[in-house]
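Me: I am new to this structure. Please take a close look at a single part of it, and set that part in its surroundings first.

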Amino acid sequence: MIIYRLEISGSIYSWRGAAWIITAASIFSLVAYLLLTDKELSLLDQGEMLFTFSEVIIVLGLVMSGINSSSSISTEIEAGTFECLLLTPIKHVQIAIQKMLSTVTIWIVLYLISIPYLIVLANGTNLAISAILYVGLYGTLLSIAISTISIALSWMLKTSKNSIMVALMIVLLLSAPSLFFATSLRKTDFGIMLENINPFSHTINSLDSVLVDNQQAVYEQFTHIWPVLVFTIICSIIFLTFTRKFEVKML
Amino acid sequence: MKIISNKITLSEKSKGNTIGKRINWSFICVYLLILAIGLSILLFCWSPIPIAFSQLSSPGLNSSFSENALRINISNPSQIIHELVGKYIIVYANLNYLKTDKTSDNSSIGGIAYISIVDIKDRVPVDLEDWSVEKGLYIPSISPGQSLPLEWNVRLVKAGSYTISVLFNENRNPFSSPIVSSRINLEVAPKLNLNPGNVLPVAFGVPAVLIGIFGTLNYLRGRKTGVYK
Amino acid sequence: MYGISAIALEKTYGSFRAVDSLTFNVKSGDIFGLIGPNGAGKTTTMRMLCGTLSPTAGKTIVGGFDIAKESIKIKTIIGFLPESTGFYNWMNGEEYLYYFARLYNIKEPIARKNIRDLLDRVGLAAKAFAPIAYYSRGMKQRLALARAMINDPKILFLDEPTLGMDPRGQQEIQKMLLDLNHEKGVTIFLSSHALTDVSTFCNQIGILNRGRLIAHGSLNDLRKLVNGSTRILVRILNTQEAISKLSRSPFNNTIDKVTEESVDFIISDDNIEFNQLVDWIRKENFKLTELRQIKMNLDEIFLRLTNPTYDKHSTPVTIKKSPSPQVGQTPSK
């Protein structure tokens with residue numbers, strides 16, 4: 001786990017990861033503060049508030065995982081440090097796994113930071129533990145999925161600009177149906193099909209069902225959990241396939 | 001004194017008038033009653049009129065109203081529910097199939113029972129997306145004489161005044177009118193979640209602590225590497 | 001015993017052939033210099049030898065291991081200094097080397113000791129704890145060299161090892177590498193544009209042009225290949241008489257240069273021709289001022305061999321033929 005440790009130290013000392021965490025904490029503060037102090041927003045039900053806040057956590061986690069992991073390989077390639085790593089007797093896939101774990105660790109830190117906010121927002125309801133557990137579950141699964149697919153892309157595309165753009169496109173494609181589609185479009189066959197195959201939609205629907213509709217039992221959410229789990233497994237398989245062998249770019 | 005005399009005057013006036021009106025109205029009411037009975041007999045005895053009714057409406061409608069005798073009603077103990085935003089209420093209802101003839105094979109019927117909430121102030125029906133998980137309950141069959149208890153968990157999303165009614169659409173005839181219950185009132189009081197006392201320490205504290213931790217770590221490292229003397 | 005063997009190595013990118021049928025051997029303990037014009041395929045060749053680039057065709061055996069099958073084993077016995085190495089600028093030199101030592105699975109106490117020795121060797125001991133961001137170009141090159149040697153490699157690949165260094169630094173690094181070669185028998189494979197350094201430092205030289213190895217051997221072998229034989233400079237005092245007699249002599253066509261003071265002849269070290277010229281000078285009583293052997297330097301050899309017209313008529317030449325190496329043999333010290 002030498003590379004993993006280096007990545008974590010680098011995240012702190014080069015301010016790369018630290019900047020993400022401080023930015024995320026500032027956004028959490030702003031959203032939580034507005035929800036609980038703005039007169040109109042505070043008329044929202046607490047379940048709605050928690051749901052909105054959970055969406056913010058998940059979306060920030062996804063964007064962070066996408067950008068961080070897609071640049072983790074390509075920036076090393078561009079800086080010329082990756083070739084030295086490839087010359088060490090470590091399997092290429094191990095390098096990729098350690099890079100992925102470091103991104104997921106930053107997500108976990110981000111998630112841990114969000115817990116005090118969730119507790120404050122859930123004050124006086126029975127939703128605090130569910131919010132913490134479900135945000136943790138879905139956030140971690142999606143963070144792994146996005147990190148693995150972004151590292152695989154970074155591995156193939158080899159440039160930061162391209163890999164970050166493609167990773168952001170993936171995050172946007174995943175979140176678009178839930179965040180941007182009108183309800184009428186989501187109710188069409190096409191919309192329903194998209195919702196059924198989209199892990200992000202399952203995550204949002206599940207959080208809605210847990211926090212707004214008070215269906216907190218795991219068995220009630222299993223229909224939403226398994227598609228996210230399958231998506232994570234598919235992304236991991238793609239990741240393991242593509243990161244087996246790396247070739248430096250010559251031309 | 002003035003008031004008393006006024007009262008007396010009014011009472012006398014009304015006495016004379018009431019007697020006169022009683023006679024007139026009694027006569028009109030009896031006349032209308034006889035006319036109504038006569039027309040009813042005429043309508044139901046004269047064959048073309050029931051045929052025309054049966055052509056306009058389906059046999060299902062006919063049966064559901066006249067023979068099936070389906071009734072749906074809200075069985076909450078109070079006619080007015082007062083609750084706070086964010087709370088859950090349960091709307092209880094009963095679906096009764098009053099027909100007692102169980103001989104026919106097609107006597108049991110099924111359908112969908114659903115809840116309708118109307119915002120009185122905004123004069124619009126409420127989109128139940130966030131209000132209730134089960135908007136409609138599918139009832140595969142209800143036999144004659146059977147009574148089905150139904151319930152809806154409703155989350156009170158927005159403050160305001162509402163009416164709640166439940167409806168039943170039987171599935172044998174797609175053109176039949178739904179059976180509607182009587183309404184009850186729902187008064188949802190707003191709840192302010194203003195809670196700056198709790199959020200302020202977290203909102204300002206967490207970023208400050210994080211900046212402190214990362215700053216200290218980098219400062220200590222700077223001291224070690226000679227960046228900060 | 002060969003430290004490095006390339007057998008019909010080939011790398012193509014679409015229709016472009018970066019390396020073409022490259023076959024050569026480098027003996028264990030040799031210092032091999034690969035030279036060639038820009039874009040000749042030197043870096044591609046080095047990367048294929050180190051295993052960071054897969055060849056389109058051919059085979060590479062390094063330290064007795066086939067790189068296609070045992071790349072991890074090869075990586076434990078080689079060190080590679082790429083032409084442009086990147087650094088984690090937030091680290092200091094000591095941390096950077098420790099990180100790579102741990103990647104090579106070197107135990108902490110040994111790693112710490114090796115790092116101290118290496119930093120001392122490359123002249124960075126005083127700056128070991130300063131952030132790499134504050135290092136100069138030359139210092140970074142020294143650190144990269146230390147990194148390439150962190151695993152005590154048996155074979156060292158160096159792509160432009162003295163790039164960005166001052167002349168003193170270049171000398172120090174060359175001395176360090178020579179010591180490493182003499183003391184530990186480390187095989188060194190380097191690529192450089194500093195041809196003077198290559199000619200003094202390497203005992204074997206390969207010239208690569210347009211992906212093909214056009215010459216391979218010692219410096220003398222390359223001289224022979226270009227010139228056939230060594231040349232001799234014969235210098236006499238310039239006089240009126242000498243000029244007039246020379247114009248009628250058979251040695252007129254061997255005159256290289258005429259100045260106000262002297263007349264220079266350049267002739268091959270063919271004994272007959274040289275003896276005839278010396279006899280003639282003695283007979284005519286001219287004053288012989290200088291007589292020395294002229295050796296062609298590597299720059300001249302390089303320019304001649306990489307000349308496009310030369311390339312058209314040449315085929316890859318290996319002066320010393322050697323048998324193919326055996327897969328799985330461990331490298332000799």
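**From chain B to a helix of chain C**

Reply: In chain B, 19% of the 229 residues are buried. The coordinates are those of a predicted model, and what follows should be read with that in mind.

Chain B contains four helices and ten strands. Their order from the N terminus is α-α-α-β-β-β-β-β-β-β-β-β-β-α, so the ten strands follow one another between three helices and a final one. Of the contacts in chain B between residues at least 6 apart in sequence, 71% link residues at least 24 apart.

Chain B touches chain A, with 25 residues of chain B in contact with 26 residues of chain A. On the chain B side, the most comes from helix α4 (residues 196–225), which supplies 14 residues. By type, the chain B side consists of 17 nonpolar, five polar and three charged residues.

Contacts between chains A and B can be followed from one residue, A:A32. Leaving out residues up to four places away in sequence, A:A32 touches A:F53, A:Y117, A:V120 and A:L121 in its own chain, and B:V199, B:V202 and B:A203 in chain B. A:A32 is also among the members of the largest nonpolar core that touch the most other members. That core has 160 residues, and the others in this group are A:L50, A:F53, A:L121, C:A146, C:F157 and C:F189. Helix α6 (residues 128–157) of chain A gives the most to this core, with 14 residues. There is also a second, separate core of 25 residues, with B:I115, B:L150, B:Y162 and B:F168 among its members.

Chain C holds the part to look at closely. Its 333 residues, of which 41% count as buried, form twelve helices and 15 strands. Residues 24 or more positions apart make up 73% of the chain C contacts with a separation of 6 or more. The chain is divided into domain 1, made of 2–225 + 300–318, and domain 2, made of 231–294. Taken over C-alpha atoms, the centres of these two domains are 45 Å apart.

Which part of chain C is largely enclosed by the rest of the structure? It is helix α5, because nine of its twelve residues are buried. The helix covers residues 137–148 and spans 17 Å from first C-alpha to last, close to the 16 Å expected at 1.5 Å a residue. Its buried residues are C:M139, C:Q141, C:R142, C:L143, C:A144, C:L145, C:A146, C:R147 and C:A148. C:A146 has already appeared as one of the well-connected members of the largest nonpolar core.

What covers these buried residues? From chain C, the cover includes β6 (78–81), α3 (93–103), α4 (108–121), β7 (155–159) and α6 (167–184). Chain A takes part as well, through its α4 (82–86).

The loop between α5 and β7 of chain C holds C:D152. This residue has a positive phi of about 50 degrees although it is not a glycine. C:D152 is partly exposed, because 16 other C-beta atoms lie within 10 Å, a count between the limits for exposed (12 or fewer) and buried (20 or more). C:R210 also has a positive phi, near 50 degrees, and is not a glycine either. C:R210 sits in the loop between β9 (204–209) and β10 (212–217) of chain C, and with 17 other C-beta atoms within 10 Å it is partly exposed.

A set of strands in chain C completes the surroundings. Strand β1 (residues 2–13) and strand β4 (residues 57–62) run antiparallel and are joined by five bridges, with C:S5 opposite C:I61. β4 is in turn joined to β5 (residues 65–66) by two bridges, again antiparallel, and here C:V62 stands opposite C:F65. β4 and β5 form a hairpin with two residues between them, and C:G63 in the turn has a positive phi of about 60 degrees.

C:Y13 belongs to strand β1. Is C:Y13 buried or exposed? It is exposed, because it has 11 other C-beta atoms within 10 Å, and 12 or fewer is the limit for that class. The C-alpha atom of C:Y13 is 28 Å from that of C:R304, which is 291 residues away along the chain.

Key
Residues numbered from 1 in each chain as written. Chains lettered and ligands numbered in written order. Predicted model: local features only at pLDDT ≥ 70, side-chain atom pairs only at ≥ 80, totals over all residues. Contact = placed C-beta atoms within 7 Å. Nonpolar A, V, L, I, M, F, W, Y, C, P; charged D, E, K, R; others polar. Domains from an automatic or database assignment. Expected span 1.5 Å × (residues − 1). Pairing = 2+ DSSP bridges. Core = buried A, V, L, I, M, F, W, Y, C linked by C-beta atoms within 7 Å.
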